[in-house]
Amino acid sequence: MCGIVGILGSQPVAPLMLDALRRLEYRGYDSAGVATLEDGELVRRRAPGKLNNLQGVLGNGPLSGTTGIGHTRWATHGAPTETNAHPHSAGGVAVVHNGIIENFRDLREELETDGYRFETQTDTEVVVQLISREMKEGKAPKDAVFATLQRLDGAFALGIIFSGQQDLMIGARRGSPLAIGYGDGEMFLGSDAVALAPFTNKVTFLDEGDWVVLTRNSAQIHDETGAAVERPIRFTQASAYLADKGNHRHFMAKEIAEQPEVIGHTLGEYIDMAEQRVKLPELPFSFADLTRVTITACGTASYAGLAAKYWFEQIARLPVEVDIASEFRYREAPLPDGGLSVVISQSGETADTLAALRYCAGQGQHTVGIVNVQDSSIARECDAILPTYAGPEIGVASTKAFTCQLTVLACMALAAARQRNTITPEQERELVSALVGVPRHIADILRNESELERIAKKLTSARDVLYLGRGINYPIALEGALKLKEISYIHAEGYAAGELKHGPIALIDEDVPVIVIAPHDTLYEKTVSNMEEVAARGGKIVLLTDEINGNGNGAETFEQFRVPRANSFINPMLYAVPVQLLAYHAAVFMGTDIDQPRNLAKSVTVE
Ligand code: M6R
């Protein structure tokens, strides 16, 4: 996660950009840089390390331009050196970028074959070179950017300026946030409203796929097809910026929408993008020495643990026991000498999880915490922590923390597999590449949110809803049911699809929607058989799958929603999103208090 800012100003913008970047430093501080137009020419100042270093560089070489872009970097591709620091510039184009360009290797190869030379290890430089190539071929800046956007895969936000174009800046977002700030004869771009707070409280948050052409007096927004579109302008209270809902009605909606970005950030922490392999911080044990892992957590976090069991066992051949912390803490479970205990908690304060951690520590286990709040009690008491980089999660229903927990656990399972020699380097690269695609796939799912909203409306008349999944999708069925019941108050249960016939099938009739999570993985046909059992009893099947068939492969479906087809390794992260959105929209229709549902608390510090 990086921070970006852009200013079309009426006075020198470098000091203003420093101020904005300071507010964005929470997003990363591996390096920082600015580019301005000095007499029409692009001039950059960049420095590795924190913003103070850039401030020093600007002190020695001030910039006076009134058009500029700035960046604070959290390194993904390439070491945090000055050369790799943004803005990147070539051929009269300068770019700042937050996110990941997944297909940068192919694009770089293509450009190099075409005679373009690269000076950095970053993925961003291909954006600069593509735009400049389009312009060399005669396109205007706006058309060159639009053409370039069509070539990029991944999740990103961009800010772009051009030499000789004092009154032009282009911004684009896909998967990573970007806001426009309106001044009086000035215009701003920023990763969030916090960055823009010193300049304006009049803000537009770009929608997924949008790009914008800014001058000092205009902002022309386009959607991903290139069509001109209108987006609402909001007046935001400066004091509310840090807990701002952006364009969203609820924090839960905002947090669902943030998933491409925060998963991208989390991946950047645990993946060496250049080598395409997992890089975990040093841990005080080797996975090769372990005979068993014990995972404990509560609620949604425990379902992340359950999904991880499939990854650890199948890929790293490492047996895993998963238990809910409130049971585990009193179970007096015998644990193997020198074993590993993993606790998962968004808040890091959940009393039962903390007690489970203490039990494991008392039994001589190595303890690793997967936490979102890094100075929490659980974080402090673990031997090591593997943080999720989800940012503050305010909605009581856990969404982005869950998918970030899954992301960390997937990386951990790959690291374990490498140490245990159960995976080849090629297999690791293939799975890492699948993981890097998660933000893009989730952005695609979010684009089809209205379909889920329509389906969700049909759930609101149900008294009971069942969720079915097999294999690694079973925890997602549990999570879907938990999400629906906690915010819409509709009774819901998640079951392993194969378990249906052992009892729950008695509940099925035409009034019971059954949400089936069934990607085309090795278990798909088995799940189809279970769907047929439901259909035969008049149950209404809502099928979440990656290929839509007219009839759900035999079984009659009531509704279908398509999730992008991907390596089955990453399916839990992808299928988590439609179940979150079904619950969210059902709750909106029911008119419940979505961010603070009755009887619940965000941090459960009591037993
Ligand atoms: O902070 P934690 O991750 O330890 O919280 C665990 C559960 O209380 C939490 O996941 C809860 O189930 C959520 N409300 C579910 O959306």
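**Close-up views of a ligand site and two backbone features**

**View 1. Polar contacts of the ligand with T350, V396 and S398.** A polar side-chain atom of T350 is placed 2.4 Å from an oxygen atom of the ligand in this predicted model. The backbone contributes as well: a backbone N or O atom of S398 lies 2.8 Å from an oxygen atom of the ligand, and a polar backbone atom of V396 is 3.1 Å from a nitrogen atom of the ligand. On its own the ligand has 410 Å² of accessible area, of which the protein covers 90%.

**View 2. The pocket and the shell around the ligand.** The ligand takes up the space of the second largest pocket. Two elements, α9 (299-315) and α17 (474-488), each give two or more residues to the shell. At the level of domains, at least three shell residues come from domain 2 (245-436) and at least three from domain 3 (443-595). There are 14 residues around the ligand, and those that come nearest are S345, Q346, S347, T350 and E486. By class, the shell holds five nonpolar, seven polar and two charged residues.

**View 3. The cis peptide bond between H86 and P87.** Omega of this bond is about -5°. P87 belongs to the loop that runs between β4 (67-73) and β5 (88-90). Most peptide bonds, by contrast, are trans.

**View 4. The positive phi of D39.** D39 is a residue other than glycine, and its phi is near 50°. The loop between β2 (31-38) and β3 (41-48) contains D39. In general, most residues other than glycine have a negative phi.

Terms used. Residues are numbered from 1 along each chain as its sequence is written. This is a predicted model: local features need pLDDT of at least 70, side-chain atom pairs count only at pLDDT 80 or more; totals for chains, interfaces and linings use all residues. Side-chain values use heavy atoms; hydrogens and water are left out. A residue is near a molecule or strand if one of its heavy atoms lies within 4 Å of it. A polar contact is a pair of N or O atoms within 3.5 Å; within protein, one must be able to donate a hydrogen and the other to accept it, and residues adjacent in sequence count only if both atoms are side-chain atoms. Accessible areas come from the Shrake-Rupley method with a 1.4 Å probe; for residues, only the protein chains shown count as cover. On a 1 Å grid over the protein atoms alone, a cavity is a set of points where a 1.4 Å probe fits but cannot get out, and a pocket is an open set with protein on both sides within 12 Å along at least five of seven lines; lining residues have an atom within 4 Å of a point. A molecule sits in a cavity or pocket if more than half of its atoms lie within 2 Å of its grid points. Helices (H or I, at least four residues) and strands (E, at least two) are DSSP runs, numbered from the N terminus. Ala, Val, Leu, Ile, Met, Phe, Trp, Tyr, Cys and Pro count as nonpolar, Asp, Glu, Lys and Arg as charged, and the others, Gly among them, as polar. Domain bounds come from an automatic or database domain assignment.
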